[in-house]
Amino acid sequence: MPAAPVKFAYWVPNVSGGLVTSKIEQRTDWGYDYNRELAVLAENNGFEYALSQVRYMAGYGAEYQHESTSFSLALLLATQRLKVIAAVHPGLWHPGVLAKLGATADHLSGGRFAVNVVSGWFKGEFTALGEPWLEHDERYRRSEEFIRALRQIWTEDHTELAGDFYRLRDFSLKPKPLNTPERPHPEIFQGGNSTAARAMAGRVSDWYFSNGKDFDGVTEQIADVRRSAAEVGRRAPKFGLNGFLIARDTEAEARDTLREIVAKADSEAVEGFGAAVKQAGQSTADGKGMWQDSSFEDLIQYNDGFRTGLIGTPEQIAERIVAYRGLGVDLLLLGFLHYHEEVEYFGKRVLPLVRELEARLPDAEAESDAEAAPAHA
């Protein structure tokens, strides 16, 4: 199947500590002024999406956090084209309340609001807020019900739902979000590496986010998600891959930067984070959960971003990005050490090479079937 040009998103640094749990210098700030400038810089350097992180309390090197939905709206109002994805937790949000917020944000931004449904890894946040911490697969069952409710509220005049987690009785939402040629409602993203996450993505999501993976890992995950979608007669969701990008003029410079990040890792924070997230991954029956096999080095970039291998010269990184595209990756979700400088470097030095390589491919002018029409539940 011919593929559309790969899209790019960036992790919004709305949480302190940067995107690596390391004591290396990071000229990245979690505040709004920095992020407003970054959002404008990103949309002018080839980024189509930004993902606002969701954390509710301090821990593992993240002492301060801006709330994701309000921060996303602020970034939407500061930009013209950027689509901003707000991460949210079922169990802490009701789908009807989020649907209302999302519809308003979508109107205010001209149809650029999206959500990322996070099933949950940080048990401490739920217990601190007095909310139950469900068993792993139950969290994904709740998320699936949450997504079905959200899409129904956004697209139908009246919503009726008698679920195991949510109940809606003749609920109506006006105004609806915008229905644009690109999508009938705000795009719904989800993450997760487990079998339950992959199956849920195939059944209900528009986009599936993976933690960092090499070529074999990506191939396996895409096959699983597509199989799940085929089982219910649904078009497969698009695939997003996490990666931490270190582009330098020479490969030696890039590798030296990675070595310094690892050498200066905040060991206590990394180990604490690892203990928390591996509990989530190891609670799956088949051992395929997120972070289940992550090494100490993997966890320094807390979504396994080093594993994607986007480290080297602009030419090396561009070739690897296009190779991922050939496997079925539709979007790269990127983190950086020094955001302002490196986002601009990416736009000037890496992105033109990516587009040049894509233009040489036999399917360069073709749009994929998945790009031509959005997925529906």
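**View 1. A197, a buried spot in helix α6.** Buried here means under 20% relative accessible area. A197 comes in at 0% relative accessibility, so A197 counts as buried. This is a predicted model, as are all the views that follow. The residue lies in helix α6, which covers residues 195-204. What does A197 touch, once residues up to four places away in sequence are set aside? The list is Y140, Q190, G191, G192 and Y208. For a sense of how the fold brings things together, take R141: 56 residues separate R141 from A197 in sequence, while their C-alpha atoms are 9.3 Å apart.

**View 2. The eight-stranded barrel.** The strands close up into a barrel in the order β1-β2-β3-β4-β7-β8-β9-β12, with parallel pairing. From one strand to the next, the twist averages 25°. Zoom in on β1 (residues 7-12) and β2 (residues 49-52): these two run parallel and are joined by four bridges. At this seam, V12 stands opposite S52 of β2. Helix α7 (residues 215-231) packs on the sheet, where it touches β8 (207-210) and β9 (238-244). The direction of helix α7 makes about 155° with that of β9.

**View 3. F8 and the nonpolar core.** The largest nonpolar core counts 97 residues. Which of them have the most contacts inside it? They are F8, Y10, I321 and F346. F8 reaches a good spread of the sequence: leaving out neighbours within four places, its contacts include G46, F47, E48 and Y49, along with I321, L332, L334 and F346. L351, V354 and R355 are also in contact with F8. F8 turns up again in an aromatic cluster, together with Y10, F47, F336, Y339 and F346.

**View 4. Y32 meets F71, edge on.** The structure holds 18 aromatic pairs. One of them is Y32 with F71, an edge-to-face pair with 6.0 Å from centre to centre and 85° between the planes. The pair links distant parts of the chain, with Y32 in helix α1 (residues 32-43) and F71 in helix α2 (residues 68-78), 39 residues apart. Are the two rings' residues buried or exposed? Y32 has 30% relative accessibility and so counts as partly exposed. F71, in turn, is buried, at a relative accessible area of 5%.

**View 5. F146 and Y166, another edge-to-face pair.** Why does this pair count as edge-to-face? The ring centres of F146 and Y166 are 5.8 Å apart and the planes sit at 65°, so the pair gets that label; the cut-off for edge-to-face is over 60 degrees. F146 belongs to helix α5 (residues 136-155), while Y166 is in the loop between β5 (159-162) and β6 (167-171), which puts the partners 20 residues apart. F146 is buried, with a relative accessible area of 0%, and Y166 counts as buried at 7% relative accessibility.

**View 6. The β5-β6 hairpin.** Stay with the loop that carries Y166, which lies between β5 and β6. These two strands form a hairpin with four residues between them. How do β5 and β6 pair, in the parallel or the antiparallel sense? Antiparallel, over three bridges. T159 has F171 of β6 as its bridge partner.

**View 7. A charge over a ring.** Here the partners are R320 and F215. The charged end of R320 sits over the F215 ring, 4.3 Å from the ring's centre.

Methods: Residues numbered from 1 in each chain as written. Predicted model: local features only at pLDDT ≥ 70, side-chain atom pairs only at ≥ 80, totals over all residues. Heavy atoms only, no water. Phe/Tyr/Trp six-rings, centres within 6.5 Å; stacked < 30°, edge-to-face > 60°. Buried < 20%, exposed > 50% of the residue type's maximum accessible area, 1.4 Å probe, protein only. Lys NZ or Arg CZ within 6 Å of the ring centre and 35° of its normal. Pairing = 2+ DSSP bridges. Axes fitted to C-alpha atoms, helices over the stretch in contact; angles between N-to-C directions. Contact = heavy atoms within 4.5 Å. Core = buried A, V, L, I, M, F, W, Y, C linked by side-chain atoms within 4.5 Å.
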